[in-house]
Amino acid sequence: MTRNYVVKCVYALVLLMLLYDNAATIHGEVKKCLEKERRALLTFKQGIRDDMGMLSTWKDDDDCCNWQGVTCSNQTGHVLRLHLRGSDSHYLIGQANTLIDLQNLEHLDLSGNDFLNSDISAHIGLFSKLTYLNLSAAEFGGSIPYQLGNLSQLQYLDLSNIYDLYGAIPPQLGNLTHLWYLDLSNNYLDGEIPSQLKHLRQLQYLDLGGETEQLSGAIPFESGDLPLLHTLKLAGEFVLKTKDAEWVSNLSFLKTLDLKSLSLGNSHQWLQMIRKHIPNLSELRLSDCSLSDNDVQFLFDIYFKNSPAFSLTILDFSSNMLTSSTFQLLSNFSSNLRELYLSYNNIVLSHPHYPNFPSLVILDLSYNNLTSSVFQGNFNFGSNLEQLDLSSCHLTETSFLVSATSMVNSSSSLVVLDLSSNLLTSNIFHWIFNFTANLHNLDLGGNLLEGPIPIGFAKAMNSLEDLDISNNKLQGDIPAFLGNICTLQTLELSNNNLSGDFSTFIQSSSWCNRHVFHVLSLSTNRITGMIPKSIRLLSELESLKLDGNSLRGEISETHLTSFSKLKDLDLSDNSLSLKFVPGWIPPFQLIGLGLASCKLGPNFPNWLHNQYQLYVLDISDAGIHSSVPEWFWHKLQHLQFLNMSHNNFEGAIPNLQLRFQVDACILDLSSNQYEGAIPSFFLHAENLILSENKFSDVSTLLCGNDTTAGLLVYLDLTNNQINGHLPDCWESVNTLLVLDLSNNKLSGKIPLSMGSLYNLKSLILRNNSLTGEIPSALKNCNNLFLLDVAQNLLSGPIPSWIGDKLQQLIILSLSENHFSGNISMHLCYLERLQVLDLSRNNLSNEIPTCTKNFSAISQRSINIPDGGPDFSLSQYIVNITFMWKGVESWFMHPEFSLTGIDLSGNHLSGEIPKEIGYLVGLHSLNLSRNNLNGEIPSEIGNLTLLDFLDLSRNELCGRIPTSLSQIDGMGVLDLSNNNLSGKIPSGGHMDTFGASFFEGNPNLCGQQLNKTCPEDMTPEKPQQPTTHDDSDFYEGLYMSLGFGFFTGFWGLLGPLLFWRAWRIAYVRFLNKVTDCIYVMVTLKIGRWIPHL
């Protein structure tokens, strides 16, 4: 009796308190919020940027209990609830100042806002009365504060989808014994699940899964722990044990089971446990669990025989090893199944046997190989199917056949259809027109569609809301009829070959959808003309992308005045000029703005001052010639990407006390006229590109006061005016992966602190005036794949530790220095080496024969291993200068293609080692300007990939090996100025090289030198006595003599013998001649006698 009396008194007291509370409310005696707490809320507001007006009711002179999101106690005036949940369109930005003065807070929801990766305050543990805490998707950073374990009254804790939350799960969370909801999914948590969580016996919902979790080790729970769980989601690389399966098996209230990336295919106990739970589950997700068809059959086969009633509505077997047999099997399983996810498997469908799911609403078969599928009529997967994903399934036009018998089977239930990233042609339009009647979302991006979009598209797709036909080959004018689809909200036609006038497109459409039209993307087409002012009719636009076209003309504030909801604007790579009146304030708050190659200058665009939400900004090559106002640098705190390159920005950048609030910030200020010191706040960027400027000092960046917690991984300072010694404080940037200081005016020695760059993969110090030896401290940089210190004044021997410690090296360039001594045999330990440039030094002695150990160039193709030293650098721009075909050439990402050895311009002697013939992957070999002797080894002919071979200016002798003619692809061959002899081989490319490539070898001959070799000449034969071989000549001579004698004799004596008159005349002629001679002789004698 006494006990009942006490209970009644307690109930009566409670009733009186409630009546008093109501009476106080009725009579206007509600307490106002306390001044201390009001001030705490106003302080919180001061650290927040509220562009969407979520805190517009928070006025300094008002009662905070009336503010939006604030709930107070009617009796005490204490703030009990602070509910400021953000969304995609409305959210707060800034630092979350402490709310420690709100000691009576019971409910705190700051989810969906952007707190700029600031840490969750440790003061959160002081809210001792808190029962509800939701910080999900709130852009916090750091680790989970262990002080959360002090919130002994907490029942609901959601820290999911913060993404930048990392580290271990604090074991102090095990103190929250009243907790029934715990969600830590989609973060970067690692380590083991703390065993203290087993004390959460009231827990009903536990989510430690997601795409990014890195949890590992053993699962700490045993049978009987967390007995009230109805939802369990785990992801990670756990060590599965039998006791773990027993624990899950005894969770009698379990309705949702999600086990991602657990190797269940090899665990019979776990499969048996899941099999036991299946009749009671409403959701089962086993993605990436190494399941086979046999595993799935084991899970379900017993139920096919007994056919019990199931409540399972969601089933996810994506990213496993399943085939079509599993797909067919599941169709016989449950009439209640509404969602089925089978992406990333090995499913192949065969017509006409389609599995039928009478209740299925969502089906995902993406990333399977469905090339043999034939869809005649509607998709026969179920009469209630609304969403179908067949993206990346290798589908072709033959997969979608139209038959007369199937024309009537249009699918009226299908609302979302994804056929992106297949091999479909424009014939798919005809199929879609006939077999879909109520589509709201159609994705045909990444196919082979050509020609124009059919004219009947708008009429057939009159319910369409989202249309994506990007990344195809569409041609013709932009179809204006798309603007007549009154339900259309998103139009994505980027990366096609569309042409026509943009003004005509805008002015020819009715735009009956203008009140719902949010996204227009026509990037990277061939669209011409001007942007008309009538575009402001599309006042609901949130994203407008027209970059990569041939648009021209001016853009004024009149064009943009109605775009109050615009978030993303990209007009880059057109011939547009933006001219706004001074003092113009845009009506929008942009997140992304691209104006590259548009004319903004010459003055800085001051209208950016009012853009508070910018996340991405590209104003490169915009014709700006001015200094940058100081207010702009403060905006860098919130930017993810900034490109101001290729302008004429000038002056020094102030060294402000700023810190970037976003991770992975990329700053590109290259190709400007910035000068002076590089400010220290740049250290908090991730990628910093400052090349082609006039910066003169890097010490402020590296050695300034603000050098803590640097995130810098890429630093490009090429082609500046940085002078003096390199600073010796590189410890502040030990996160660096790429450092390029080439083409500056640096002097002195390489500082020892560079050895602290343990993560460095690429170090380029080319073309400076650095002196001394390469410091041994660099041996600590054992992740280097590129080391380039060429064109300096470095001296001493080439360190042997390069080969011993830097075994990840792919490119080593030490050319144009003063290195001396031998080429260390330790360099042969560099098995990954593809480029070795030691040219123009003072190296001597022989070339090591161990060069055959260069495994990477001992193969005809370069194999890039996944996760190898160069793989993680594919996202960064890495360049190298290399002498190619006698010209200094520039290569981007040389680790993927370039192979070469350059030892030219030294004092090397001895013979060319024949082992060089093992390097069959070489493209370039330069051994010129040395003292090499001996013959050219014939093994060089094995280097069939050679494009450049220079052995000139040595003392090589002997013949040119004929094997060189087998190198068909050789573009340059220089063997000049040696002592080579013999005939130059002919055939193949050898015939294309001119005389200059062989000159200076006096004993060489061949057609290339236009010099006949002795063995090619016709030899002179010795004179021999007359033989019967001359009988024809003498026979002709004798016949001529006989004929002449006969003619002369008979021509004179014949007439004298046969004609008497000729005979008398001839005798008289002879008498006269005789008398004449006698008289002349007598007279001569008579004159001669008197002189005696």
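**Salt bridges, strand pairing and a tyrosine patch**

The structure holds 14 salt bridges. The model is a predicted one, and a few of these pairs are worth walking through. Start with Glu 35 and Arg 38, whose side chains meet in a salt bridge at 3.0 Å, N to O. Both residues sit in helix 2 (residues 35-46), three residues apart, or about one turn of the helix. Their surroundings are not alike: Glu 35 is partly exposed at 41% relative accessibility, whereas Arg 38 has a relative accessible area of 10% and is buried, because the cut-off for buried is under 20%.

Another pair brings together Glu 540 and Lys 565, again through their side chains, at 2.6 Å, N to O. This one links distant parts of the chain, 25 residues apart: Glu 540 belongs to the loop between strand 28 (528-530) and strand 29 (543-545), and Lys 565 to the loop between helix 10 (557-560) and strand 31 (568-570). Glu 540 is buried, with a relative accessible area of 16%, while Lys 565 counts as partly exposed at 40%. Salt bridges that share partners also build one network out of Glu 35, Arg 38, Arg 39 and Asp 60. For Arg 285 and Glu 283, the side chains meet in a salt bridge at 2.6 Å, N to O, and both residues are buried.

Now for the chain as a whole. It has 15 helices and 63 strands, and buried residues make up 52% of its 1092 residues. Among contacts between residues at least 6 apart in sequence, 61% join residues at least 24 apart. The accessible surface comes to about 48,900 Å², with 52% of that belonging to carbon and sulfur atoms.

As for the strands, four of them form an open sheet in the order 8-10-12-14, with parallel pairing. Strand 8 and strand 14 (237-239) stand at the edges with a single partner strand each, so one side of each has no neighbour in the sheet. Strand 12 (residues 214-218) is joined to strand 14 by three bridges, and Ala 218 stands opposite Val 239 there. Edge strand 8 (residues 166-167) contains Tyr 166, a partly exposed residue at 47% relative accessible area. Together with Tyr 163 and Tyr 188, Tyr 166 makes a nonpolar surface patch of about 320 Å².

Parallel pairing turns up further along too. Three bridges connect strand 42 (residues 723-725) with strand 44 (residues 745-748), where Gly 724 faces Leu 746. Strand 44 in turn has two bridges to strand 46 (residues 769-772), also running parallel, with Ser 747 opposite Ser 769.

Terms used:
Residues numbered from 1 in each chain as written. Predicted model: local features only at pLDDT ≥ 70, side-chain atom pairs only at ≥ 80, totals over all residues. Heavy atoms only, no water. Patch = residues over 30% accessible without salt bridge, like charges linked within 9 Å, V, L, I, M, F, W, Y side chains within 5 Å. Areas by Shrake-Rupley, 256 points an atom, 1.4 Å probe, with all protein chains shown as cover. Salt bridge = Lys/Arg side-chain N within 4 Å of Asp/Glu carboxyl O. Helix = DSSP H or I, 4+ residues; strand = E, 2+ residues; numbered from the N terminus. Buried < 20%, exposed > 50% of the residue type's maximum accessible area, 1.4 Å probe, protein only. Pairing = 2+ DSSP bridges. Contact = heavy atoms within 4.5 Å.
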